[in-house]
Amino acid sequence: MSALLGRGVPECALPVLAGALILLGGASPASAAVRVDKIVAKPVTPASSCSTNSTPTVSPQSGAYTDFCLALALNGGGDPELGGIPGLGDDAREMRISLAPGQIGSPRASATCAPAKFRSSGGCPNSAQVGSVSAAVEGLVPLTESLLKGKVFNLDPAGTEAARLGLQIEVVLPGLPGVPAIKLESAIRLRADDGGLDATVFDTPRDFLGIPIEVRRLGLRLWGSKSAHPTMREGFTSNPTDCSKPAVSRVEIVSYRGDVTSASDGYTPTDCGTLPYAQTSTVIGNGQADAPTPMTAEVRVPAPSEPRVFAHVKKAKLVLPVGYELSPTAASDGQLAGCTDAQFDRFGTGPARCPEGSRIGEVEFDSPVLLKGAIKGPIFMGDPIPGKPLRFFATAALGPEDDAVRVKIEAVATVDPATGQLTTELTGLPPVPFTLFRFSFRGGPNAIVASPRSCGTYTEQTTATPFSGQAPTSTSSQIVVDQNCEDPNRFAPSLGASTDPPQAGADTSIITTLERPDGHARISSAIVRLPPGLLGRLGAAAQCPLAQAATGDCPAETKVGSVVATAGPGPAPLRLGGEVFLTQGQGGDPAGLTITALARFGPLDLGKVVVPGRLQVRDADKGLNLVVENVPQRQQGISTAIRALEVRLDKPGFALNATNCAPQQITATLGSDLGGTAEVAAPYQAVGCENLPYAPKLSAVISGGAREAAENGHPGLTTTLTQGPGEANTKRVELVLPAGISIDSTRIDRACPLATFEAGGCEARSILGRASATTPLLLEPLSGPVTMVSVPGVPLPELRIQLNGVLPITLAGRITFGSDQRLITTVEPVPDVPLSRFDLSFNGGADSVLQAGRNLCAESSVAFDGTFLSQAGPSYKAKTEAVIPGCGPAATLRVSSLRRGRPSMDLRVVGARNRLRTVQLVVPRGMEFQRAAVVKKRLRVSASGLKKGARARITVTGQSIRVSVPSGQSAKVLRVRLRAGGVRVSPRLRRSGARLSFRLNASQVGTANTRSTLRVRPGAR
């Protein structure tokens, strides 16, 4: 500054100045600090003085273009005993002026002057003047206070400055013509926290041309209206537009010694209710329907004009039309990150350190306080905080990145949970006038906003609230969507399906994919029908309780698969991964499936998207339907509209293929959110059916004992069909009953009419028995009644076999007579369901419709013939002899030489129905077997039906003899012959003429032990 101040001083003046310096020298510096004795910081009328020596006339009207006066009375602390001689105390070196928020000046009000020109001897033109300055200085003339005056010029700002002022103070010294002016420059910057203006004056001189000086008073007047200062193009300074609080300006003085002192002054603006206020708004998209779109929202306020500026905007709210919404594609492939409050550093002066992935657009801000025009900067996605889940951070910078002047704004957005309508509200705007505020969201595949699905004209609404306390004002503009104008009701989804592996009957994974083209109506419901035989083992996983399934909190042991969903318009939809859980059934369903996916919109955790589904069993073919009645379209208001959904049911042991290799289809009925429906299908075919084994086993038991097995009796009957794991499933069963069993025609009238059966109203007497089925699909068997039903047009009644449980099945049995008049029961169709065991039981006795045509116990063969057709194609024939518990064996006993006391015996036992395991003969009292060794020498045993080389075992006790076949074998006939001498007979028994009673105990295969009495007349041979 000394070089600047020293220009142009004539050499003849130097002795004079040196003499003045000698006169003022010689005193010791005092220790007192510089201070501000008085401050004025108020708007004043053009005619009012700007000095601390007088009371200025304040002009406090809000928003008015009026002069602003900043006047200071300074005391540098010179020794009062020496009259406060300059140089003997401390002096102000730097002045930091912080104007009240909203107390602004427009550097566009006048021409500007280059700083170099200002510093030159020629100086700036009057057209660049925007104010005046005065200074009361001691020391220039000994013992005299000099009042210096000057001008304030509008300079070109540099770097990060919003504006720059030049203070030119003219110095007039008696006898010294051509003394240079004192020139100071003040950089004007925007404050980041409240948008106020800061001015800093550096290097205030404490000497002039080597002469110690001290500034006692300073008056800085910034011009207001053009009418009072016609050299300006427009008004320069204006008052705040907020009347709710004082407008306080502050001055901070930094002395040469480094001490800091401050003072402030202010006033309260008035008359806010009459401030002019207006704005316009415009929102622009790219015109395409149902696509990621760039989105620009503009708010414009008319340029300030005298006599008053427009009220400053305190907050603004932009409501986009329904149809414009946040696009999930913004977060595709991790493209969207979040910025923390610490990274944004809203009230800091440094640059935002947000990650690049959080950048979603650009903000532009233009204000009269900025000489260089609009400033721009990025918009970032903010991390959510409680109460503000969706935030945008915007920062516009003036100057180099590391040293820029910045405006930082936080916008809070809300999303309507039902419609997705986006509302963005900017609060905490600085009290700075703006003519343009532009908020632009990026475009491209990962645009943050998606356009409506239909072409048309949409209306946005912008509401602005001024600082003045006046009512908010609303404006609107129209957005035209006129490109890609397809019918939004289009709905042509597709279905893909496969199994891995496709081997028939094998454990497999089921993969299904639902997909809709971009731009089509959205999938809102689905009924997916798996073909018969493509099933799931409901016992392979635990079932998630419905309450937990509703919140997506199912335990791991209920997981049966995974899911990948894509959502959002355009070429880069968002992919979401999820899981599939087996749940409890509802409304009679055997189970359900719930799909959950964790949805994130960049930093915003939307929670779990839960898609509940029901598993239903079709009555016709016992195939499974997956029913999803309500596919969620939004999560916390943000669209989750499904573009594609791939579901993999891949838990080991859960799904298994059909055992029918005929071409089939997986079909689906899909509903759209606009009310449309579509039928879709995908081929399905199991392979390798020819490799499936098929050998069902048949057994039969006739109950009721000998009484009901007798001719005209009414026996009960149970047939059992079993299959091993890995076999083909059965498609048809044909069972031919033995010739000795038929239907009692007198009991056919018990049949229930078909319509009554279907209505569930049959009487108990129509129920002939029960059936049960065990399937590896379920943990519990299925069981239910067997009902005799009369079908119109069918001569004989039919059977309806109900297997109730979590997988209910109803089978139909047709009754006919074969060519040999044997009764045939045919059950067809049997669903393609694995049945490891199937029991069909008919009641006996009074509840039976079966009737024995002859004594079944006396029949040498009561055989059932079965013909079975597999789902895989091959058939199998089986034949089994019925077990008739209670039918004892046929036996004859001959006794010779009884009266002689040395009888011989011949016992022949025939297992007419059930093969023999043991036979025991107990002799009457008065008879006793000899010792075992004696008996065995006289005993001969024969057994037909044993394996070659196998021999029966004989056990002899006092009154009994027991014959047992080897373990695991059975005999058709057992014959026991005992020669004379093996039995002792009492004299009394020899003389008796009464019949003798021998007891026969027999153990037979498949039935309980039988006991009978053989009566033999004495003397018989």
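**Cavities, disulfides and a buried threonine**

Strand S37, which spans residues 604-617, gives the most to the lining of the largest cavity, contributing five residues to it. The model in which this cavity appears is a predicted one, and the values that follow are computed from its atoms.

A few words on the empty space itself may help. Rolling a probe the size of a water molecule over the atoms shows where empty space is left. In this structure there are 17 cavities of 30 Å³ or more, and the largest cavity has a volume of about 560 Å³. The lining of that largest cavity is made up of 36 residues, among which Ile595, Leu626, Val628, Leu645 and Val647 are the closest to its centre. When the lining residues are divided by character, 30 of them are nonpolar and six are polar, while no charged residue is found among them.

From the cavities we can turn to Thr594, a residue in strand S36, which covers residues 591-601. Is Thr594 buried or exposed? Its relative accessible area is 3%, and because buried means under 20%, Thr594 is counted as buried. Leaving aside residues up to four places away in sequence, Thr594 touches Ala549, Glu579, Val580, Phe581 and Thr583, and it also touches Val610, Val611, Pro612 and Gly613.

The next feature to follow is the set of cross-links between cysteines, of which the count comes to nine disulfides. Three of them are described here, in order along the chain.

One disulfide joins Cys243 to Cys272, with a distance from S to S of 1.9 Å. The torsion about the S-S bond of this pair is about 95°, and the disulfide is therefore right-handed. The two cysteines belong to distant parts of the chain, 29 residues apart: Cys243 sits in the loop between strand S13 (237-238) and strand S14 (247-255), whereas Cys272 sits in the loop between strand S15 (260-267) and strand S16 (280-284). How the two ends are placed relative to the surface can also be stated, since Cys243 has 24% relative accessibility and counts as partly exposed, while Cys272, at 6% relative accessibility, counts as buried.

Another disulfide joins Cys339 to Cys354, again with an S to S distance of 1.9 Å. Here the torsion about the S-S bond is about -60°, so this disulfide is left-handed. Cys339 lies in the loop between strand S20 (325-326) and helix H4 (341-344), and Cys354 lies in the loop between H4 and strand S21 (359-366), so that the pair ties together parts 15 residues apart in sequence. Cys339 counts as buried at 0% relative accessibility, and Cys354 counts as buried at 12%.

The last disulfide described here joins Cys857 to Cys887, and in this model the distance from S to S is 1.4 Å. With a torsion of about -60° about the S-S bond of Cys857 and Cys887, this disulfide is left-handed. It links distant parts of the chain, 30 residues apart, with Cys857 in the loop between strand S56 (850-852) and strand S57 (863-870) and Cys887 in the loop between strand S58 (875-881) and strand S59 (890-896). As for accessibility, Cys857 counts as buried at 11% relative accessibility, and Cys887 counts as buried at 1%.

Conventions
Residues are numbered from 1 along each chain as its sequence is written. This is a predicted model: local features need pLDDT of at least 70, side-chain atom pairs count only at pLDDT 80 or more; totals for chains, interfaces and linings use all residues. Side-chain values use heavy atoms; hydrogens and water are left out. On a 1 Å grid over the protein atoms alone, a cavity is a set of points where a 1.4 Å probe fits but cannot get out, and a pocket is an open set with protein on both sides within 12 Å along at least five of seven lines; lining residues have an atom within 4 Å of a point. Grid points are joined across faces, edges and corners, and a volume is the space filled by probe spheres set on the points. Helices (H or I, at least four residues) and strands (E, at least two) are DSSP runs, numbered from the N terminus. Ala, Val, Leu, Ile, Met, Phe, Trp, Tyr, Cys and Pro count as nonpolar, Asp, Glu, Lys and Arg as charged, and the others, Gly among them, as polar. A disulfide is a pair of cysteine sulfur atoms within 2.5 Å. Buried means under 20% relative accessible area, exposed over 50%, partly exposed in between (1.4 Å probe, protein chains only). Contact means heavy atoms within 4.5 Å.
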